[in-house]
Amino acid sequence: MVGEIVLNISMTSDDENRKEALLVELIDTGIGIDPKFITHIWDSFSQEDASATRPHGGTGLGLSICKNLVTINGGKLGVTSELGKGSRFWFTWNVGPVFQVQPVENIQSLSTFLSDKRILVIDPVTTARNSLVRLINNERTDAFDTAKEGTASAKMLRERHNEQYDLVFFNVLEDNVQEVIKAAKELREICGNDNLLIILMVFWSAEGHVMGQEVMKEIGDQVITMRKPITQKRILNYLLNREISKPHNSVESPADLSAEVYHDRNDSQSNSNDAEDVNMLIDEKSSSNDQKSARKPNLKRTTPVVDEDRKLKSRTRLTSKSKCILCVEDNPINLRVIQHQLTRLGYQSLSATNGQEAVNLLAELANYLDDPNSPSNHRAEISLILMDCAMPIMSGHEASKIIRAMKPPISQIPIIALTAEAVLGSKEKCLESGMSDYLTKPLKMEQLEEMLLKWLND
């Protein structure tokens, strides 16, 4: 089953107070929330699962801040949820008088431009499929949730009415790539290779970009990719600038160009880093794809990037290769922020997404250190570990105990605890598990730098 997250924004009115308000709803098909926990969901740092190896985080400060802001505005907020089905968060936001905006004339709409076209939408996600149909706003649009139904409709249209589709939208997901390729080729045979334009809708990510490119190569000409979210303006801009009958193979709206530039820049930077003889980094992609199994780390090389033009304006400094820091953090955004801070301070870094991965990595590096035949320039020396406390599979506390039981020099590496639980007893618990010191999130650059100087004597 394909899950979804839906954001609905509408206007609501309070007749009694004569006020207009925005109604914002965020609906998901996730794991849901235990009814016992809902009463505490607006509290700071509340947890449905109090264990250190919980697979999902708690509320942190986000919902508490939202509650305060909505209360200041005079609005309301609430949540409904069902375990195993999902949740609905909502709030109202009071706004001033809303004036009717006169529509701009002489601007062609997407529905007008496509009024004489036959359109097919194939998307297994009901909400996304219905949204696209409303966006197109064309009575000659057919929409189905499977490619089989779409190709059957094309055959019937051709046989009974001697008509064919001019435009087909595919929602490309990881689990339906082959189905899309097969259906696209069948539709080409039914509708004619020169008459059918195929639009592949993919996620806005590097993975979505690569997936779209691979599908395009399989299908051939008359194919374009669009990154979600799809808007009327983006579709119309493309179709106005290029006739449907002309061959083409991509959409180059400003938004897509920005994403491709970002993707290409990161690819080139990664290739550049791989060529240099520096310490090793756990491949975040391979380790985050399946956190349910603690696999051996897949290693690649990386190094801090120093901007020469801004070097004097920042605190970035070059250090020896031995000053390498292992970051153990299950939240990918937090991990990226921490590594960015370390890069600004001039440190190289390794990463792991749970305690088990960190233990596996240290055991593997210990073997490098013990093996007299291993090349000295391939021996990665970890000088310090930044360890999150609450992580799935293995917590930071458990990992620290295992690390302290290893042979020197691994067992002697300073371990700094990272936690959002700034409550009495948290620091003592970290020290009891073998950790050396304690930092609370969010990390501030000054505090991080001071802690690194304290333990690295740098």
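User: Which helix gives the largest share of the nonpolar patch?

Analyst: In this predicted model, Leu61, Ile65, Leu69, Ile72 and Trp93 make up a nonpolar patch on the surface. Together these residues have about 500 Å² of accessible area. Three residues of the patch, its largest share, come from the helix spanning residues 62-73, which is α2.

User: Is Leu69 buried, partly exposed or exposed, and what is its relative accessible area?

Analyst: Leu69 belongs to helix α2 and is one of the residues of the surface patch. Buried requires a value under 20% and exposed a value over 50%. Leu69 falls in between, so the residue is partly exposed, with a relative accessible area of 46%.

User: How many aromatic pairs does a search of the whole structure find?

Analyst: A pair of aromatic rings is described by the distance of the centres and the angle of the planes. For rings to pair, their centres must lie within 6.5 Å. With the whole structure searched, the number of aromatic pairs is zero.

User: The charged end of which residue sits over the ring of Phe203?

Analyst: A charge over a ring must be within 6 Å of the ring centre. Here the distance to the centre of the Phe203 ring is 4.1 Å. The residue whose charged end sits there is Lys228.

User: Which residue does a cis peptide bond join to Lys228, and is that residue buried or exposed?

Analyst: The bond in question has an omega of about 5° and joins Lys228 to Pro229. Pro229 lies in the loop between β9 (223-227) and α8 (232-241). Its C-alpha atom is 9.8 Å from that of Ala128, 101 residues apart along the chain. Exposed means over 50% relative accessible area, and with 56% the residue is exposed: Pro229.

User: What is omega for the peptide bond from Lys441 to Pro442?

Analyst: Pro442 is placed in the loop between β16 (437-440) and α15 (445-456). The peptide bond that leads to Pro442 from Lys441 is cis. Its omega is near -5°.

User: Is His209 buried or exposed, and how far is its C-alpha atom from that of Met226?

Analyst: His209 is part of helix α7 (residues 206-219). Because its relative accessibility is 11%, His209 counts as buried. Met226 is 17 residues apart from His209 along the chain, and their C-alpha atoms are separated by 9.1 Å.

User: Why is Cys389 in no disulfide, and which cysteine has the nearest sulfur?

Analyst: The structure holds zero disulfides. Cys389 counts as buried at 5% relative accessibility. A disulfide needs two cysteine sulfur atoms within 2.5 Å. For Cys389 the nearest cysteine sulfur is 3.7 Å away, so the pair does not meet that cut-off, and this sulfur belongs to Cys430.

User: What is the relative accessibility of Cys191, and does that make the residue buried or exposed?

Analyst: Buried means under 20% relative accessible area. Cys191 counts as buried, with a relative accessibility of 1%.

User: What is the phi of Asn162?

Analyst: Asn162 lies in the loop between α5 (147-161) and β7 (167-171). With 59% relative accessibility, Asn162 counts as exposed. Asn162 is not a glycine, yet its phi is positive, at about 55°.

User: Where is Ile393, and what is its phi?

Analyst: The loop between β14 (382-388) and α13 (396-404) holds Ile393. Ile393 counts as partly exposed at 36% relative accessibility. Its phi is positive in a residue other than glycine, with a value near 70°.

Methods. Residues numbered from 1 in each chain as written. Predicted model: local features only at pLDDT ≥ 70, side-chain atom pairs only at ≥ 80, totals over all residues. Heavy atoms only, no water. Patch = residues over 30% accessible without salt bridge, like charges linked within 9 Å, V, L, I, M, F, W, Y side chains within 5 Å. Areas by Shrake-Rupley, 256 points an atom, 1.4 Å probe, with all protein chains shown as cover. Salt bridge = Lys/Arg side-chain N within 4 Å of Asp/Glu carboxyl O. Helix = DSSP H or I, 4+ residues; strand = E, 2+ residues; numbered from the N terminus. Buried < 20%, exposed > 50% of the residue type's maximum accessible area, 1.4 Å probe, protein only. Phe/Tyr/Trp six-rings, centres within 6.5 Å; stacked < 30°, edge-to-face > 60°. Lys NZ or Arg CZ within 6 Å of the ring centre and 35° of its normal.
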